[in-house]
Amino acid sequence: MATILDGKQTSEKRLETLREAIAGSGLHPKLATVIVGNDPASQMYVRMKHKACEKVGIASVGVELPADATTRTVVDKVRALNRDGSVDGILVQLPLPSQVDTGRVINAISPEKDVDGYHPENMGHLFLGKPRFSSCTPTGIMTLLAEYQIPVAGARAVVAGRSIDVGRPMAALLLNADATVTICHSKTKDLAEELKRADILVSAVGKPHFITKEMVKEGAVVIDVGINQLEGKLVGDVDFEAVKEVASAITPVPGGVGPMTIATLMENTFRSAQERACDRVL
Ligand SMILES: Nc1nc2c(c(=O)[nH]1)N[C@@H](CN(C=O)c1ccc(C(=O)N[C@@H](CCC(=O)O)C(=O)O)cc1)CN2
Ligand SMILES: [Mg+2]
């Protein structure tokens, strides 16, 4: 039976440590969130972020824009937050409505305040092996692996999915930690064969029960990034009940990767506040 990698418990522990660090820092970190439209899931995630801020002692401000907002409106809002000296971190909740150019919006975020780590400058630092801010979900996964003392160096890691927010930065973080990394995607030949070679398998494809028991090597560590609705229930990409019989460790959905994403965002925001305070002194 696999060890369940408990992201909820781990994130709570880290948030408590962070709360103490912030309280003792003399700093007043502040996060700004930007949401466009009224997608219920996005609204819930933003609410969860504000709640986490409150828990750890980070001030937060929420900007809400209508579903028909233009790229210019969103970019102007982001630029105003860049200029606001009281704001340490800015995040634009994704996905954005189709009329908004996501790339232009991300590029407009000051890289120093880009606590989601999506700006090309921050992606560049990550791929050069010297991350400043790296995306919250992959970074949270690395934290979870470390918490459970799962060795990454030398491991064969396979990432299913090549998205900008998860697959690519995940691969970079695993590579930076000396794993041998393969990225699989919709055009990968012999996908099942590739996945079965993994010591660490990360699935971020967004398809319920995509990863079956037959695709997983005995003893593999399985990380499920999927957040899918199936018959009114929240499920990951992994057929959890079957795969936990062959894996050595596995993340549940809910309660695995998701909570680690939020904890990492809080950590990134505090780090931004620390670095900005240092810059003011220098
Ligand atoms: N700007 C960003 N947009 C998006 C990100 C992101 O990191 N930055 N990630 C996802 C959504 N997301 C945060 O924004 C997120 C998703 C899920 C969870 C989470 O804790 N989920 C719970 C289940 C909650 C439920 O009941 O549905 C869990 O897995 O236990 C946190 C954050 C896309 N957009
Ligand atoms: Mg401040």
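Begin by selecting strands E5 and E6 (residues 180-184), which pair in the parallel sense over 5 bridges. The model on display is a predicted one. Two residue pairs mark the register between these strands: Val158 stands opposite Thr182 in E6, and Ala157 stands opposite Val181 in E6.

Next, add helix H7 (residues 167-176) to the selection. Together with E5 and E6, helix H7 makes a β-α-β unit, and this unit is right-handed.

Then turn to the other partner of E5 in this tour, strand E7 (residues 200-203). E5 and E7 pair in the parallel sense, here over 4 bridges. Select Ala157 again: its bridge partner in E7 is Ile200, while in E6 Ala157 faces Val181. Colour E5 (residues 156-160) by burial, and the strand proves mostly covered, with 4 of its 5 residues buried.

From the strands, proceed to the nonpolar core. The largest such core has 76 residues. Select Val159, Leu201, Val202, Val222 and Met266, the residues with the most contacts inside this core. Helix H10 supplies the largest share of the core, 8 residues. Because domain 1 (27-110) and domain 2 (136-258) both give residues to this core, the core lies between them.

The domains themselves may now be coloured separately. The protein chain is divided into domain 1, spanning 27-110, and domain 2, spanning 136-258. A distance drawn between the C-alpha centres of the two domains comes to 28 Å.

Ligand 1 is the next selection. Which residues are the closest to ligand 1? They are Tyr45, Leu94, Cys136, Pro254 and Gly258, within a surrounding set of 18 residues. Four elements give two or more residues each to this shell: helix H2 (40-56), strand E4 (89-92), helix H6 (136-147) and helix H10 (257-281). Of the contributors, H10 gives the most, with 4 residues. Coloured by residue class, the shell divides into 12 nonpolar, 5 polar and 1 charged. Where does ligand 1 lie with respect to domain 1 and domain 2? Both domains give residues to the shell, so ligand 1 lies between them.

Two individual residues complete the tour. Select Gly7, which is found in helix H1 (residues 7-23). Is Gly7 buried or exposed? Gly7 has 27 other C-beta atoms within 10 Å and is therefore buried, the threshold being 20 or more. Now add Thr143: Gly7 and Thr143 are 136 residues apart in sequence, yet their C-alpha atoms are 9.6 Å apart in space.

Finally, select Ala59, whose place is in strand E3 (residues 59-65). Around Ala59 there are 15 other C-beta atoms within 10 Å, so Ala59 is partly exposed; that class covers the counts between 12 or fewer, which is exposed, and 20 or more, which is buried. Add His28 to the view as the last step. Ala59 and His28 are separated by 31 residues in sequence and by 7.2 Å in space, C-alpha to C-alpha.

Methods:
Residues are numbered from 1 along each chain as its sequence is written. Chains are lettered from A and ligands numbered from 1 in the order in which they are written. This is a predicted model: local features need pLDDT of at least 70, side-chain atom pairs count only at pLDDT 80 or more; totals for chains, interfaces and linings use all residues. A residue is near a molecule or strand if its C-beta atom, placed from the backbone, lies within 6 Å of it. Ala, Val, Leu, Ile, Met, Phe, Trp, Tyr, Cys and Pro count as nonpolar, Asp, Glu, Lys and Arg as charged, and the others, Gly among them, as polar. Domain bounds come from an automatic or database domain assignment. Two strands pair if DSSP finds at least two bridges between them. A crossover is right-handed if, with the strands pointing away from the viewer, the path from the first strand over the helix to the second runs clockwise. A nonpolar core is a set of buried Ala, Val, Leu, Ile, Met, Phe, Trp, Tyr and Cys residues joined through C-beta atoms within 7 Å.
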